[in-house]
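Biologist: Could you take me through one part of this model up close? I'd like to hear how one helix sits among the helices it packs against, and then a little about what lies elsewhere.

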Amino acid sequence: MKKSVVFAGVALMVMGALIGTSCSGKSEKGSSAGKGKVVTIKYELWDSNQLPAYQAAADEFTKRNPNIKVEISQLGWDDYWTGLQTEMIGGSASDVFTDHLAKYLDFANKNQLVDLTPYIKKDNVDMSIYMNSLEKLWQTKDGKTYGLPKDWDTICIVYNKDVTDKLGISHDELNNLTWNYDDGGTFETMIKKLSIDTAGRNGLDPKFDKNNVVQYGLVLAHSDDRGQAQYSGLACATGWMYTDGLYDWNYHYDDPRFIKTIKWMKKMQDEGYLTPYTETSNGTAAVFNSQKAALVFDGSWMIGSYKTNGVFEVGFARLPEGAAGRKSMINGLGDSIWVGSKHKDEAWEWVKFLASRDAQEIIGSYGVVFPAIESGVNKALNTYKEKGYDVSAFTDEAVAPNGTFLYPIVDHSVEIGQIMTRTFDEIFLGQKDVESALKDSNAQVKALFK
């Protein structure tokens, strides 16, 4: 694909690269569920950027189903999952909620989710309209389905275009960076060049003062077991992978390649090129938008947020290429029904609508995420084009052969997250040695499955 994306038909290329798509399937035109009494369905999501799009979808759904109203609530990522679990235990959770591939098995194993398979069969839902690689991820080995796909995303470099233009750094340079854990490749050189101290010296100057930095070359979140917008693209570019397969629990956080990747990140922090852990408590986007860092790794769901920050122009470039190629995690969200819902049939109608072409075209038209259906993706791409946004970095990664990978779906994801978050906290706060910390945590993770 050329650097300048040809928007018409790009969605088809993305779908085909990920396994293939079908253009068959019927649009949702209304439902007979629960005729009579008006029922209110509670729906919960964590991304505030998507609220307007989902409210528009809810409005259209209620027009078609006047007996079902949808009440949407939104909480930030951490509060969302903590609150959801607490509400489930207390019997007050939302009927339907946005679910995550790294989370849903834990809910399913606790019998907190409705198996959608009987509903899918009853209504003859055409599952071929989704990217198969995403649709199948919501199906367990025993044939149960706990969510319908709604979108997909990849990770890229977001850069402060005002800063890079001033330094004469082109998009092509940023779009073709290389990385390795020994000398950091051209990526390390770039983040050093973009790191500025109080005297105006950059990180390539021998006199650069790492203790008095006004602009870091790069900001990354430090604590996340998935490392989706943190270490995943770098580590997997070495040939490393989390486990031996999608549902496998043989974790490799003790692999030398992963250890060296995290050591490189720690070194960049200690030398003043990567924003310190202590300065990222409000999130990486806050650091980047306050112009305290020139680059950040982030996902396609954040395109609109960065483009409308109102402070400076941004650009999007592909992740650095490593020995094993250029790698981005590709993720997909889905909608699940809480087993405690008193209105499961109506909740199903809402979930079915959200996963339909009609709804995903509404969502896509807002240009916030890439929906799981081709026509919805085209809507998103058209919206980005109309706004003058070049999002080709995200789609180029998605269609590249072997350019994406999936995070493993396993049991004990909550416990794994707790172990690895604590481990990365200790590493980047300098409380534990990288190698020993990762070897210890890997042993703790594996012990969960024995």
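Modeller: Here is a walk around one helix and its partners, followed by a cavity and a contact between distant parts of the chain.

Keep in mind that this is a predicted model. The helix I'd pick is α11, residues 256–270. Let's take its partners one by one.

Start with α9, which covers residues 185–193. The axes of α9 and α11 lie 12 Å apart, and the angle between the two helices is about 20 degrees. Angles under 35 degrees count as roughly parallel, so that is the label for α9 and α11. As for handedness, α9 goes past α11 in a right-handed crossing. On the α9 side the contact is made by F187, E188 and I191, and on the α11 side by W264, K267 and M268. Sorted by class, that contact has four nonpolar residues, two charged ones and no polar ones.

Now for α19, residues 434–447. Here the axes come within 9 Å, and α11 and α19 cross at roughly 135 degrees. That angle falls outside the parallel, antiparallel and perpendicular ranges, so the pair is oblique. The crossing of α11 with α19 is right-handed. From α11 you get F258, I259, I262, K263 and K266, and they meet V434, E435, L438 and K439 of α19. Five of the residues in this contact are nonpolar and four are charged, with no polar ones.

Then there's α18, residues 413–428. It packs with α11 at about 45 degrees, the axes being 10 Å apart, and α11 and α18 are therefore oblique as well. The α11 residues here are F258, I262, M265, K266 and Q269, while α18 brings F424, I427 and F428. By class the contact has six nonpolar residues, one polar and one charged.

Put the residue lists side by side and you'll see some names come back. F258, I262 and K266 of α11 meet α19, and F258, I262 and K266 also meet α18. W264, K267 and M268 are the α11 residues that meet α9.

Away from that helix, how many cavities of 30 Å³ or more are there? The count is two. The largest cavity holds about 50 Å³ of space. Its lining is made up of L45, W46, D47, Q50, Y54, T98, K150 and L333, which split into four nonpolar, two polar and two charged residues.

One last stop is A56, in helix α2, residues 51–64. The C-alpha atoms of A56 and I363 are 8.0 Å apart, although 307 residues separate them along the chain. Leaving out residues up to four places away in sequence, A56 touches I362 and Y366.

Key: Residues numbered from 1 in each chain as written. Predicted model: local features only at pLDDT ≥ 70, side-chain atom pairs only at ≥ 80, totals over all residues. Heavy atoms only, no water. 1 Å grid on protein atoms, 1.4 Å probe; cavity = no way out; pocket = protein on both sides within 12 Å on 5 of 7 lines; lining within 4 Å. Points joined across faces, edges and corners; volume = space filled by probe spheres on them. Nonpolar A, V, L, I, M, F, W, Y, C, P; charged D, E, K, R; others polar. Axes fitted to C-alpha atoms, helices over the stretch in contact; angles between N-to-C directions. Helix = DSSP H or I, 4+ residues; strand = E, 2+ residues; numbered from the N terminus. Parallel < 35°, antiparallel > 145°, perpendicular 65-115°, else oblique. Left-handed = near helix turned anticlockwise from the far one by under 90°. Contact = heavy atoms within 4.5 Å.
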